[in-house]
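Thanks, everyone, for making the time this morning. I would like to walk slowly through the enclosed spaces in one structure, and I will take them one after the other.

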Amino acid sequence: MSVPITPALKDELDIVIPTIRNLDFLEMWRPFFQPYHLIIVQDGDPTKTIKVPEGFDYELYNRNDINRILGPKASCISFKDSACRCFGYMVSKKKYIYTIDDDCFVAKDPTGKEINALEQHIKNLLCPSTPNFFNTLYDPYREGADFVRGYPFSMREGVKTAVSHGLWMNIPDYDAPTQMVKPLERNTRYVDAVMTIPKGTLFPMCGMNLAFDRELIGPAMYFGLMGDGQPIGRYDDMWAGWCIKVICDHLGLGVKTGLPYIWHSKASNPFVNLKKEYKGIFWQEEIIPFFQSVSLPKDCTSVQKCYLVLAEKVKEKLGPIDPYFTKLADAMVTWIEAWDQINSTSTGAKVANGTANGTANGK
């Protein structure tokens with residue numbers, strides 16, 4: 001009789017999914033996701049019922065739940081934008097988080113085998129990163145690879161990995177202008193590699209296929225103020241990416257990118273995207289130099305401390321560009337206050353009392 005294999009980190013990882021629709025896409029992911037607990041963050045109309053396929057262990061939060069749980073601090077959670085997913089990061093009680101969009105399906109590798117994206121993310125997170133010295137064979141800890149000649153032996157232990165950033169087959173994650181000039185472009189290139197993003201280098205983080213160690217970097221994984229009532233959208237994951245990279249570099253943590261791939265099924269409307277992005281497209285020419293030059297004091301030894309200092313600097317340096325950044329900096333502080341409140345032992349139990357498996361919390 002064969003003994004069933006327990007999936008890696010089964011009791012230590014939550015899958016967070018933001019959505020406005022029925023989650024039929026989970027059927028395709030059932031072989032890989034069913035053993036894990038799901039946190040579904042329903043965006044948009046809270047009176048709408050979201051259907052989840054049978055057999056999944058989940059809890060679902062809508063906007064009413066977010067308002068009930070966070071009270072006035074709910075203002076830091078975006079509405080009508082997938083940035084609302086970060087509420088799921090906040091209420092999770094697990095060490096690891098994997099987040100995926102509901103238009104992302106299972107991809108196949110070049111041999112035609114279905115890719116277990118979650119399994120690869122777990123491998124990435126449980127293996128060290130090498131941010132301080134680049135290895136030309138990419139991930140030196142992978143089977144069949146190693147540190148190349150000239151790699152300092154003193155650096156070969158690497159550092160803890162905080163973030164695993166996965167990629168996409170089919171529809172690439174392009175901005176609106178690129179979508180417009182390349183409407184038919186599809187990504188068919190499967191690059192069989194994982195690499196550590198070097199220290200001091202920023203990257204555009206995409207939230208549709210992303211895993212992270214919540215204990216190491218969770219409080220910095222705030223997706224900002226986007227969507228309803230805000231002058232910008234589609235920069236939520238990238239804002240979080242710039243923040244976490246600066247903090248990971250400061251705290252000596254690693255960020256990986258590459259495998260695993262998912263299949264991104266549909267392109268969003270480039271004209272709608274342009275309306276959301278257009279301010280960000282020119283703002284980012286000042287935002288990026290800010291993050292490239294920002295430094296955190298040595299006494300910032302926790303993620304929360306780092307993030308609060310970063311919020312101050314955002315207000316000081318980016319506030320003059322547009323009042324939005326002052327509002328965003330204030331929301332960053334509120335986010336940390338809410339995170340600490342929800343994750344203190346006294347309030348944690350109350351939040352965990354949400355209804356699971358079939359009913360949205362608070363209904």
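What you see here is a predicted model, and it holds 2 cavities of 30 Å³ or more. Let me begin with the largest cavity, whose volume is about 80 Å³. Its lining is made up of 14 residues, and those closest to the centre are Thr 130, Tyr 138, Pro 140, Met 195 and Thr 196.

If we ask which element supplies the largest share of that lining, it is strand S7, covering residues 194-196, which contributes 3 residues. As for the character of the lining of the largest cavity, 8 of its residues are nonpolar, 4 are polar and 2 are charged.

Let me now turn to the second largest cavity, for which the volume comes out at about 50 Å³. The residues that line this second cavity are Met 226, Ile 232, Tyr 235, Trp 239, Trp 242, Trp 283, Ile 287, Tyr 324, Phe 325 and Leu 328. Where do these residues sit, in terms of elements that give two or more residues to the lining? The elements concerned are helix H7, spanning 236-251, helix H8, spanning 270-293, and helix H10, spanning 323-342. Of the contributors to the lining of the second largest cavity, H10 gives the most, with 3 residues.

When the lining of the second largest cavity is sorted by residue type, 10 residues count as nonpolar, with no polar and no charged residues among them, whereas the lining of the largest cavity includes 4 polar and 2 charged residues alongside its 8 nonpolar ones.

Terms used. Residues are numbered from 1 along each chain as its sequence is written. This is a predicted model: local features need pLDDT of at least 70, side-chain atom pairs count only at pLDDT 80 or more; totals for chains, interfaces and linings use all residues. Side-chain values use heavy atoms; hydrogens and water are left out. On a 1 Å grid over the protein atoms alone, a cavity is a set of points where a 1.4 Å probe fits but cannot get out, and a pocket is an open set with protein on both sides within 12 Å along at least five of seven lines; lining residues have an atom within 4 Å of a point. Grid points are joined across faces, edges and corners, and a volume is the space filled by probe spheres set on the points. Helices (H or I, at least four residues) and strands (E, at least two) are DSSP runs, numbered from the N terminus. Ala, Val, Leu, Ile, Met, Phe, Trp, Tyr, Cys and Pro count as nonpolar, Asp, Glu, Lys and Arg as charged, and the others, Gly among them, as polar.
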